[in-house]
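Hi,

Here is the structure I said I would pass on. Have a look at it first, and my notes follow underneath.

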Amino acid sequence: MRIYLLIGFIAILLIGCGKPIKGVQDDAFKAYIEHFETMQNVSTEFTSVTFIDSIQDDPNSQYYTIGYCDPNTNSVKILKSFWDTAPNSERRTVIMHELGHCVLNLDHDDQLNNRWSDGCPNSFMNSILMDSWCYDLRYGKDQFSE
Ligand SMILES: [Zn+2]
């Protein structure tokens, strides 16, 4: 009996690995996701991007988390309360950042002033959300700039 169950389990795993599952993307993110795909020349169709109502932070942290990528499920979660009050420029940057993790497999780049002398992070992959001024300086103005 046990061996049959095991074979069944392996078969399900193989089926599961065969084809990536298309991601569910909330319509609110559409323009930002398209922007990322254009900028990076990649498809995000297998990555989910959806809202989450709360994210548990370390109570001792001076920062709070506004989004994350779960690499195991290839899904991005964006804090709804952040999104509802954020300017378009910040929405753009958080989507760039989280899709950078989930789609491009990028890690954090927390260097400041490596090549630049303006006090801005080197990359949208910095753990701290880049402000609009820094983003424009690095990547140029776009439709989400202020
Ligand atoms: Zn990150």
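A quick definition before the notes: I call a residue buried if 20 or more other C-beta atoms lie within 10 Å of its own, exposed if 12 or fewer do, and partly exposed in between, with C-beta atoms placed from the backbone. Helices (H or I, at least four residues) and strands (E, at least two) are DSSP runs, numbered from the N terminus.

Two housekeeping points. This is a predicted model, so to speak of local features I need pLDDT of at least 70, side-chain atom pairs count only at pLDDT 80 or more, and totals for chains, interfaces and linings use all residues. Residue numbers start from 1 along each chain as its sequence is written.

Now the overall picture. The protein chain has five helices and three strands, and along the sequence they come as α-α-β-β-β-α-α-α. Of its 146 residues, 23% count as buried. Taking two residues to be in contact if their C-beta atoms, placed from the backbone, lie within 7 Å, 58% of the contacts between residues at least 6 apart in sequence join residues at least 24 apart.

The sheet comes next. I count two strands as paired if DSSP finds at least two bridges between them. The three strands make an open sheet in the order E1-E3-E2, with mixed pairing. E1 (48–52) and E2 (67–70) are the edge strands, each pairing on one side only. Neighbouring strands are turned by 20 degrees against each other on average, direction ignored. For the angles, axes are lines fitted to C-alpha atoms (for helices over the stretch in contact), and angles run from 0 to 180 degrees between N-to-C directions.

E1 and E3 run parallel, joined by five bridges, and serine 48 stands opposite serine 75 in E3. On the other side, E2 pairs with E3 (residues 75–79) in the antiparallel sense over four bridges. There, glycine 67 has isoleucine 78 as its bridge partner, and tyrosine 68 has lysine 77. E2 and E3 form a hairpin with four residues between them, and asparagine 74 in the turn has a positive phi of about 55 degrees.

Which helix packs on the sheet, touching E2 and E3? That is H4, whose direction makes about 15 degrees with that of E2. H4 (residues 88–102) has 15 residues and reaches 21 Å from its first C-alpha to its last, close to the 21 Å expected (1.5 Å times one less than its number of residues). Of those 15 residues, 14 are buried.

H4 matters for the core too. By nonpolar core I mean a set of buried Ala, Val, Leu, Ile, Met, Phe, Trp, Tyr and Cys residues joined through C-beta atoms within 7 Å. The largest one has 18 residues, of which Ile33, Phe36, Val76, Ile95 and Leu99 touch the most other members. H2 (30–40), E3, H4 and H5 (132–139) each supply at least two residues, and the largest share, five residues, comes from H4. Leaving aside neighbours within four places in sequence, isoleucine 33 is in contact with Gln25, Thr44, Val49 and Ile95.

One last spot: isoleucine 55, in the loop between E1 and E2. Isoleucine 55 counts as partly exposed because 15 other C-beta atoms lie within 10 Å. Not counting residues up to four places away in sequence, isoleucine 55 touches Thr65, Tyr68 and Leu79.

Cheers
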